[in-house]
Amino acid sequence: MTHVIIDTDTAQDDCVAILVGLLDPRADLLAITMVAGNVGFEQQVANAQLTLNVAGMLGRVPVHAGCRRPMLREWVSATDVHGDGSGGLSMQSPDAVVDDEHGVDALLRITAERPGEVSIVAIGPLTNIATAVVKDRGFAARVKSLYVMGGSNNGRGNITASAEYNFYVDPEAAQIVMEAGFTDLHLITWDPLTLRDATIARADFDRLGAIGTPLARFFHTMCTATLDYDESVGIDGSTHPDSLTIAALLHPELVLADAQYRVDVETASALTRGYSAMAWDKFGLAPNATVVEAIDSGAFFALLEDVLRTPTQPDVPITGL
Ligand code: BDR
Ligand code: CA
């Protein structure tokens, strides 16, 4: 079993990543920590609770509210991409409580209780992870593996020409994490990896949505707004970088190619804010990350399908499902 914490800005593909964390037999999901990112903070918490609910696991995994804004910058939302990230779904539940402990303190405590045993999947801006690094210099050494969705590998950005959203929103945090000395830091990038290997064509997306389980309906409803957005900007399918990030941790056999890189994140330039400079071995720099370069798409999509086929009973009714 892989003991894992998901650090997330929950909307759309983050929800799918949480489903993988809840339902993949290899995963032992210990906590969800929330970070400012995609949509309004309270909406993100609601989206995470909605995801626990559709899996029939409301109240079984703690949700911790973490940092509510980036370290230095103003928050930048992605509501233009994701809407509110819920696909219009909602629920009323007294069980949907947020844990009293701050997300950063939860990261520090859980890794202190089990040093070297817990991995973190960070699929939002890196504010919580960087704050944990700053608060406790021993944190990085206690984390077994850190899998980050962020940056592009000498490719296109998505919020600007040069920057991927998670690194753009909090570039200082991203750079702190790159320099923190994590034992095993893996990066899942936007371009080329997500665009080439983790994008589900609409026909396949519709087929998955028609499987007939509550999870499949949830997936289709939750991800349609983003698919519409993706198509409007020339991306031919539904993008799933966040669920790929946890899948790569749980199933390393999915990774067909990776390499060691020296990765740094641009913090000084306004034009290229959040750009990830990924230097490969030619440049002779000491590597700080393993960058995933190719994955087995067919196996990844099959894994998602397995998750969506899981029969679940939502704990409370979901309006709109
Ligand atoms: C990343 O930004 C968010 O909008 C997605 O959830 C993903 O983590 C892609 O750039
Ligand atoms: Ca995300």
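A metal donor here is an N, O or S atom within 2.8 Å of the metal (3.2 Å for Na, K and Ca); water is not among the atoms, so sites may look incomplete. This is a predicted model, where local features need pLDDT of at least 70, side-chain atom pairs count only at pLDDT 80 or more, and totals for chains, interfaces and linings use all residues. Residues are numbered from 1 along each chain as its sequence is written.

Start at the calcium ion (ligand 2). Its donors come from Asp 9 (OD), Asp 14 (OD, listed twice), Ile 123 (O) and Asp 242 (OD), at 2.2 to 2.6 Å. Along the sequence, the donor residues follow the spacing D-x4-D-x108-I-x118-D. Asp 9 sits in the loop between strand E1 (2-8) and helix H1 (13-23), and Asp 242 in helix H12 (residues 241-250), so the pair ties together parts 233 residues apart in sequence. Helices (H or I, at least four residues) and strands (E, at least two) are DSSP runs, numbered from the N terminus.

Are these two residues buried or exposed? Asp 9 is buried, at 0% relative accessible area. Asp 242 is buried too, at 2%. Buried means under 20% relative accessible area, exposed over 50%, partly exposed in between (1.4 Å probe, protein chains only).

Now turn to ligand 1. Residues around ligand 1 include Asp 14, Ile 123 and Asp 242, each with a heavy atom within 4 Å of the molecule. Polar side-chain atoms lie close to its oxygen atoms: 2.9 Å for Asp 14, 2.8 Å for Asn 158 and 3.1 Å for Asn 166. A polar contact is a pair of N or O atoms within 3.5 Å.

Conventions
Chains lettered and ligands numbered in written order. Heavy atoms only, no water. Polar contact = N/O pair within 3.5 Å; in protein donor to acceptor, adjacent residues only side chain to side chain.
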